[in-house]
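User: I'd like to go through this model and pick apart its charge pairs, its core and its cysteines. Could you take my questions one at a time?

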Amino acid sequence: KFYSEVIIEAVAFADYQFRMGARQEDGASLQEHVDSARSNPFASQATIAVIEQEEPPSLPEAATYVWSYFIRLHSGRGQGGLGGFLPLSYQEIKAFCDVEQVELDYWEIDLIKAFDSCFLKVSYEQQEKDSKKK
């Protein structure tokens, strides 16, 4: 039960991070727009809504090292056809563990896969949004 709560909170954090990192039409990330809009009285309503939302989700302390593992795995992620990202495979996770000399518990692997699914979902949503603009 403890680990399922950690996973839920950590995925909420990851979703927020991925969405804030999404590139907008001008090439800047949503986070860059939010930072800029904080002091701009003429900011768009959508940007103001993001700024005024409640405290962003935080990463549970029990998941911080798993997030760092995911980020390192993510940095070596492959791309498939049409510029889409490939999901992280269990083979890639195993190779990472072999190289890093770490053993992951089942919940840590579940969390890495949950981070990955979250990233892919946000990435595919962004691709769909971008393709509709063309």
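User: How many residues apart are R19 and D15 in helix 1?
Analyst: This is a predicted model, and in it R19 and D15 both sit in helix 1. Their spacing amounts to about one turn of the helix. Counted along the chain, that is four residues.

User: What is the distance between the closest N and O atoms of R19 and D15?
Analyst: The cut-off for a salt bridge is 4 Å between the side-chain nitrogen and the carboxyl oxygen. R19 and D15 do form a salt bridge. Their closest N and O atoms are 3.1 Å apart.

User: Is R19 buried, partly exposed or exposed?
Analyst: Buried stops at 20% and exposed begins over 50%. R19 has a relative accessibility of 30%, and its partner D15 comes in at 23%. D15 therefore counts as partly exposed, and R19 likewise lands between the cut-offs, so R19 is partly exposed.

User: Which residues are linked with D15 and R19 in a network of salt bridges?
Analyst: Look at helix 6, where K121 and E125 are four residues apart, so they are separated by about one helical turn. Their side chains meet in a salt bridge at 3.6 Å, N to O. K121 is partly exposed at 46%, and E125 is partly exposed at 32%. The residues that join D15 and R19 in the network are K121 and E125.

User: Which residue does E32 form a salt bridge with?
Analyst: In this pair the closest N and O atoms are 3.2 Å apart. E32 is partly exposed, with 41% relative accessibility. The partner is partly exposed too, at 45%, and the residue is R23.

User: How many salt bridges does the count come to?
Analyst: Side chains of opposite charge can pair when their charged atoms come close. The pairs here include R19 with D15, E32 with R23 and K121 with E125. Under the 4 Å rule, the count comes to seven.

User: Which helix gives the most residues to the largest nonpolar core?
Analyst: The largest nonpolar core has 27 residues, and F18, L59 and W67 are among those with the most contacts inside it. Helix 1, helix 4, helix 5 and helix 6 are the elements that give two or more residues to this core. With nine residues, the top contributor is helix 6.

User: Which residues of the F115 contact list also rank among those with the most contacts inside the core?
Analyst: Leave out residues up to four places away in sequence, and F115 touches A10, V11, A14, F18, L59, V66, W67 and F70. The residues with the most contacts inside the core are F18, L59, W67, F70, L111, I112 and F115. Reading the two lists together gives F18, L59, W67 and F70.

User: Is C97 buried or exposed?
Analyst: C97 lies in helix 5, residues 90–100. Leaving aside neighbours within four places in sequence, C97 is in contact with V102 and L104. Its relative accessible area is 11%, under the 20% cut-off, so C97 is buried.

User: How many disulfides does the structure hold?
Analyst: A disulfide is a covalent bond between the sulfur atoms of two cysteines. C97 is buried at 11%, and C118 counts as buried at 8%. For disulfides, though, the count is zero.

Terms used
Residues are numbered from 1 along each chain as its sequence is written. This is a predicted model: local features need pLDDT of at least 70, side-chain atom pairs count only at pLDDT 80 or more; totals for chains, interfaces and linings use all residues. Side-chain values use heavy atoms; hydrogens and water are left out. Buried means under 20% relative accessible area, exposed over 50%, partly exposed in between (1.4 Å probe, protein chains only). Contact means heavy atoms within 4.5 Å. A nonpolar core is a set of buried Ala, Val, Leu, Ile, Met, Phe, Trp, Tyr and Cys residues joined through side-chain atoms within 4.5 Å. A disulfide is a pair of cysteine sulfur atoms within 2.5 Å.
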